[in-house]
Amino acid sequence: MSQNTYNELPNFDLLSVNDCCVPFPLAQKTIFNGKSREWIRYYIFDQYPEIFTDCGGWITRPSGKGKRIYVISRNHAMAWLYAHRKEIDWMAPEPKTLHRHVG
C-alpha cells in the first residue's frame, strides 16, 4: 500500500473546488453578463445543446413554464464560456430586434 507523500496531490477535479449551484436569475447577472433570458436561449441554449445536464453539461434544461433552471456547476459554466468566448458574439442584438428587422 503506497502512502501519499506531500508532493502528491489527491485525485480530484480542480473545477469542483469551491463550486456551487446557481439559480438562473443570478447566473444571468454573474455568468451571462446581464444578458436577457431570450438572448441566452437564442444564442447559447439553441446553439450549444451539449451544455445541458442530460447531455453531460452544467445547466438544467428549460422544461416548460414555471420550471426553474439551475447552473449546477458555476465553475464549469465559466470555464466553458471562457473556452467558447470567440464563438459567442456577446454584442449580438436581442432576438426580438432580429425578428423585427427580418419580418
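Of the 103 residues in this protein, 31% count as buried. Keep in mind as we walk through it that the model is a predicted one. The protein exposes about 7600 Å² to its surroundings, and carbon and sulfur atoms supply 54% of that area.

Let's start with the overall layout. The protein has four helices and two strands, and reading along the sequence gives the pattern β-α-α-β-α-α. How much of the contact network links residues far apart in sequence? Among contacts in the protein with a separation of 6 or more, 55% are between residues 24 or more positions apart.

Now turn to helix H3, which covers residues 74-83 and has Asn75, Ala77, Trp80 and Leu81 as buried residues. An α-helix has 3.6 residues a turn, so residues three or four places apart point the same way. What do the buried residues of H3 pack against? Their partners are H2 and S2.

Methionine 78 belongs to helix H3 too. Is methionine 78 buried, partly exposed or exposed? Its relative accessible area is 43%, so it counts as partly exposed, because that class lies between the 20% limit for buried and the 50% limit for exposed. Methionine 78 also offers a handy distance to check in your viewer: its C-alpha atom is separated by 9.7 Å from that of threonine 30, although the two residues are 48 apart along the chain.

From there, move to the loop between helix H2 (37-45) and strand S2 (70-71), where you will find threonine 60. The side chain of threonine 60 reaches the backbone nitrogen of tyrosine 70 at 2.8 Å. Leaving aside residues up to four places away in sequence, threonine 60 touches Phe52, Thr53, Arg68, Ile69, Tyr70 and Ile72.

Two of those neighbours, Arg68 and Ile69, lead us to the last stop, the largest pocket. Rolling a probe the size of a water molecule over the atoms shows where empty space is left. The largest pocket holds about 190 Å³ of space. It is lined by 14 residues, and the closest to its centre are Arg37, Gly66, Lys67, Arg68 and Ile69. Which helices help to build the lining of the largest pocket? Helix H1 (24-30) and H2 each contribute at least two residues to it. Sorted by class, the lining of the largest pocket consists of six nonpolar, three polar and five charged residues.

Terms used: Residues numbered from 1 in each chain as written. Predicted model: local features only at pLDDT ≥ 70, side-chain atom pairs only at ≥ 80, totals over all residues. Heavy atoms only, no water. Buried < 20%, exposed > 50% of the residue type's maximum accessible area, 1.4 Å probe, protein only. Contact = heavy atoms within 4.5 Å. Areas by Shrake-Rupley, 256 points an atom, 1.4 Å probe, with all protein chains shown as cover. Polar contact = N/O pair within 3.5 Å; in protein donor to acceptor, adjacent residues only side chain to side chain. 1 Å grid on protein atoms, 1.4 Å probe; cavity = no way out; pocket = protein on both sides within 12 Å on 5 of 7 lines; lining within 4 Å. Points joined across faces, edges and corners; volume = space filled by probe spheres on them. Nonpolar A, V, L, I, M, F, W, Y, C, P; charged D, E, K, R; others polar.
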